[in-house]
Amino acid sequence: MGNRINQRIRIANFLLLAAIMLLSFAAIALPAARAGDLTAAEQCDREAGSEFDLERNRSFPTVSTEDIRIGIALSACREAYNQNGDARTQFQLARVLDKAGQKIQSRRILEEAARNGHALAMVNYGALLAEAGEAATAFDLYQRAAAAGNILAAYNLGVAYRDGVGTAADGALAVRWFERASLAGDDVAAFNLAVMLDEGKAVPEDNLEAAKFYGLAAERGNVDAMINLGLMFESGEGVRRNPVAAQELFRQAADRGDPLGQQKLDPIATGSILHTAMLAKMDRPK
């Protein structure tokens, strides 16, 4: 009787172990099967889609430059490219090649994507051209990309019109493009617009509007905007004087490591701190 019970226990244990093994194999095989169902272009989309690319495949989450898995992404995007990949695939391959340090090949394929009308490729390739002194050609690319709705292109047009790079300086057009990029969520554009309005350079001074756009930029985490808006609240320039709001903005900047914010919170600190540097980079991390 005892032997039969032990035998049944051994059989039950064997069946349980077999079931566990089958479930384990299934769990391993399932993701592979799902990955195997993707085309090369879809795998490239999954591994190299940029958050700044309005033309990306939204079936997959975006991938920051730091998180690109070079081996997997390069294999998928090269295969997709060799299968007559479209402009998005070309841009994504160029992005992965750049991350892999293959700058010359990346630039060649980025130019191909830009020629084929990919908006973010036009922005990035335009930035390379601007660095090489071809500002007018870069400006043309920014215009085409902005017409397609790209935020970074709108920002770059604002900089170009403000500084007269690749085109004649035009404060009103700089304001228009910075505002467009700002309302689309770009904190640096909001800050630059606020500085123009605050200082009254190239456009009429408007401290109330400056405070509005400093506020937008500060809400999005821009430390420079926190400092400048804090100074306005502290002095009452363009806004009702509010020392409490000023201190809160200085505290937020200080918490992010800003030395001027930390100094403004220091009761021993004296004097006025000016912090209105213009941010003028034509190209930013994509």
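Is Arg46 buried, partly exposed or exposed, and what is its relative accessible area? Arg46 is partly exposed, at 26% relative accessible area. The views below are taken from a predicted model.

**Figure 1. The whole chain is helical in its regular elements, with 14 helices and 0 strands.** From the N terminus on, the elements run α-α-α-α-α-α-α-α-α-α-α-α-α-α. The chain has 286 residues, and 42% of them count as buried. Among contacts with a separation of 6 or more, 50% join residues 24 or more positions apart. Mean pLDDT is 86. In the chain, 80% of residues reach 70 or more.

**Figure 2. Two segments have pLDDT under 50: residues 1-33 and residues 270-286.** For residues 1-33, the model has 0 contacts beyond four places in sequence. For residues 270-286, it has 52 such contacts. Where pLDDT is low, the predicted coordinates should not be read in detail.

**Figure 3. The largest nonpolar core holds 74 residues.** Val96, Tyr155, Phe178 and Tyr214 have the most contacts inside this core. Helix α10 supplies its largest share, 9 residues. Phe178 touches Tyr155, Gly158, Val159 and Arg162. Phe178 also touches Ala189, Asn192, Leu193 and Met196. These Phe178 contacts leave out residues up to four places away in sequence.

**Figure 4. Asp198 is buried and has no salt bridge.** Asp198 lies in helix α10, residues 187-199. The nearest side chain of opposite charge belongs to Lys201, 11 Å away. Asp198 does have a polar partner: its side chain contacts the side chain of Tyr214 at 2.9 Å. Tyr214 is also among the residues with the most contacts inside the largest nonpolar core.

**Figure 5. Glu199 and Lys201 pair through their side chains in a salt bridge.** The N to O distance is 3.9 Å. Glu199 counts as partly exposed, at 28% relative accessibility. Lys201 counts as exposed, at 54%. Side chains of opposite charge can pair when their charged atoms come close.

**Figure 6. A salt bridge joins Arg88 and Asp45.** Their closest N and O atoms are 2.9 Å apart. The pair links distant parts of the chain, 43 residues apart. Arg88 sits in helix α4, residues 87-99. Asp45 sits in helix α2, residues 40-48. Both Arg88 and Asp45 are buried. A search of the whole structure finds 10 salt bridges.

**Figure 7. Arg46, Glu47 and Arg69 form a network of salt bridges.** The side chains of Arg46 and Glu47 meet at 3.2 Å, N to O. Arg46, at 26% relative accessible area, is partly exposed. Glu47 is buried, at 4%. Why does Glu47 count as buried? Its relative accessible area is 4%, and the class takes in values under 20%.

**Figure 8. Ser106 is a buried residue of helix α5.** The helix spans residues 103-115. Ser106 has a relative accessible area of 5%. Ser106 is in contact with Ala94, Leu97 and Asp98, leaving aside its neighbours within four places in sequence.

**Figure 9. Gln262 is a partly exposed residue of helix α14.** Helix α14 covers residues 259-265. Gln262 has 43% relative accessibility. Gln262 touches Ala254 and Gly257, not counting residues up to four places away in sequence. The C-alpha atoms of Gln262 and Gln252 are 9.4 Å apart, and the two residues are 10 apart in sequence.

**Figure 10. Asn84 has a positive phi and is not a glycine.** Its phi is about 60 degrees. Most residues other than glycine have a negative phi. Asn84 is in the loop between α3, residues 70-82, and α4. Asn84 is exposed, with a relative accessible area of 73%.

**Figure 11. Ala202 has a positive phi and is not a glycine.** Its phi is about 75 degrees. Ala202 is in the loop between α10 and α11, the latter covering residues 207-219. At 63% relative accessibility, Ala202 counts as exposed.

Terms used
Residues are numbered from 1 along each chain as its sequence is written. Side-chain values use heavy atoms; hydrogens and water are left out. Helices (H or I, at least four residues) and strands (E, at least two) are DSSP runs, numbered from the N terminus. Buried means under 20% relative accessible area, exposed over 50%, partly exposed in between (1.4 Å probe, protein chains only). Lys and Arg count as positive and Asp and Glu as negative; His and the chain ends are not counted. A salt bridge is a side-chain nitrogen of Lys or Arg within 4 Å of a carboxyl oxygen of Asp or Glu. A polar contact is a pair of N or O atoms within 3.5 Å; within protein, one must be able to donate a hydrogen and the other to accept it, and residues adjacent in sequence count only if both atoms are side-chain atoms. pLDDT is the predictor's confidence in each residue, from 0 to 100. Contact means heavy atoms within 4.5 Å. A nonpolar core is a set of buried Ala, Val, Leu, Ile, Met, Phe, Trp, Tyr and Cys residues joined through side-chain atoms within 4.5 Å.
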